[in-house]
Amino acid sequence: MSDSRVLGKVAYVTGAGQGIGKAIAERLAKDGFAVSCADFNIDAANQVADGINKNGGKAIAVKVDVSDRDQVFNTVKETVEKLGGLDVVVNNAGIGPSTPIEEITPEIYRKVFDINVGGTLWGIQAAVAAFKKLGHGGKIINASSQAGQVGNPDLAVYGGTKFAIRGITQTAARDLAHLGITVNAYCPGIVKTPMMMGIAKEVADAAGKPFEWGLNQFAQNITLKRLSEPEDVAACVSYLAGPDSDYMTGQALIIDGGMVF
Ligand code: NAI
C-alpha cells in the first residue's frame, strides 16, 4: 500500500537490476516513490523498471558503472530531468568476492574498493549536488553489511569496504546535516541473492558437498535459522527512505536475523 507522504518523491537506486537492489526498487515504488533503477546491467534494470510500470508504479532505467564518478553524476542528473526531482539516493551496488588474505592482488583490492567505496562516495556527492540544486535536503542510504560489523573469513577486502562504508556514513551524516540531508546505512546478513548463492556454491564446492549443504552452513550461524529474503532488507530501506526515520542519521541498521549482537 502506498504512503501518501512519499507520493511524488523520487528515489535513485543503484544495483537495481537484481537481488537486494531490485527488491528495494520494487518496494520503494510500492511505497509511492518514482524510482530510477540504475545498474551496470541495463537489460536487467529495464526489466525491473518495466515490471514496476506494469504494476502501476513509475520507474525508469539508467545504465551506470558506479565506480565512474561522471557516470554517477550524469545518471543522477538524468533522473532529475526525467522524473522531475530527487529525494532519496540508495547506494546499493556492490561486489563481494571471497578471497583468502594471501591471494588478494592489487587488482582485486582496487576493483572492490572502486565499486563499493568509490561508488558510495560518488553517489553521496551526486546526491548532494542534486539536492542543493533542487533547493532541499534528502536522504542518502548506503549498503554496508554484517561483514562491515565483524571480521569474516576470506572477506578482508569486501569486509574492509563495508567497514569503510559505515565510516563514510557516519562522517557524511555530520558533514551534511546542515543541508537537511540524513545519511544512514543498512547491514544485511546473508541474503538469498545471486551474489550470495554464488558464495554458497563456492563453500559447498570447496568442501565437496552439495549446494544445499552450503546454504545450511550459513543458516546455522543465524539466530533465526533462516537466510534473509531480499524483501526483508527492502522493508528496512523503505523505513530509512520514508518520513518515519526523519530523526535518524549516521546509523547502520542491522537486518541479519540475529548474527551480530
Ligand atoms: P547482486 O550481485 O545480486 O546484485 C548486484 C547488482 O549490482 C547487479 O544487478 C549488478 O549488475 C550491479 N552492479 C555490480 N557492479 C556494478 C557497478 N560497478 N555499477 C553499477 N551496478 C553494478 O548483489 P546483492 O546480493 O543484491 O547485494 C547488493 C548490496 O548488498 C551489495 O552492496 C552487497 O555488498 C550488499 N550485501 C549483500 C548481502 C547478501 O547476502 N547478498 C549481505 C550484505 C550486504
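What follows is a look at the ligand shell, one annotated residue, two unusual backbone angles and the nonpolar core.

The model is predicted, so to speak of local features a pLDDT of at least 70 is needed, side-chain atom pairs count only at pLDDT 80 or more, and totals for chains, interfaces and linings use all residues. Residues are numbered from 1 along each chain as its sequence is written.

Start with the ligand. It is surrounded by 30 residues, a residue being near if its C-beta atom, placed from the backbone, lies within 6 Å of the molecule. The closest are Gly15, Gly19, Gly94, Thr193 and Met195. By type, the shell splits into 15 nonpolar, 13 polar and two charged residues (Ala, Val, Leu, Ile, Met, Phe, Trp, Tyr, Cys and Pro count as nonpolar, Asp, Glu, Lys and Arg as charged, and the others, Gly among them, as polar). Helices H1 (19-31) and H6 (194-207) each chip in at least two shell residues; helices (H or I, at least four residues) and strands (E, at least two) are DSSP runs numbered from the N terminus. Because domain 1 (10-189 + 229-255) and domain 2 (192-227) both give residues to the shell, the ligand lies between them; the domain bounds come from an automatic or database assignment.

An unreviewed UniProt entry lists Tyr158 under "active site", and such annotations may be inferred rather than shown by experiment. Tyr158 belongs to helix H5 (residues 156-176). It counts as buried because it has 24 C-beta neighbours inside 10 Å (20 or more is buried, 12 or fewer exposed, in between partly exposed, with C-beta atoms placed from the backbone). Leaving out residues up to four places away in sequence, Tyr158 touches Gly96, Pro97, Val112 and Ala147, contact meaning C-beta atoms, placed from the backbone, within 7 Å.

Two non-glycine residues have a positive phi: Asp154 at about 65° and Lys225 at about 55°. Asp154 sits in the loop between strand E5 (138-143) and H5 and is partly exposed, with 17 other C-beta atoms within 10 Å. Lys225, in the loop between helix H7 (211-220) and helix H8 (230-241), is exposed, with 11 such neighbours.

As for packing, the largest nonpolar core (buried Ala, Val, Leu, Ile, Met, Phe, Trp, Tyr and Cys joined through C-beta atoms within 7 Å) has 73 residues, and Ala11, Val13, Ala25, Val35, Cys37 and Val237 touch the most other members. Helix H4 (residues 106-134) gives this core its largest share, 10 residues, and both domain 1 and domain 2 supply at least three each. Beyond four places in sequence, contacts of Cys37 include Val13, Ala16, Ala25 and Ala45.

Methods:
Two residues are in contact if their C-beta atoms, placed from the backbone, lie within 7 Å.
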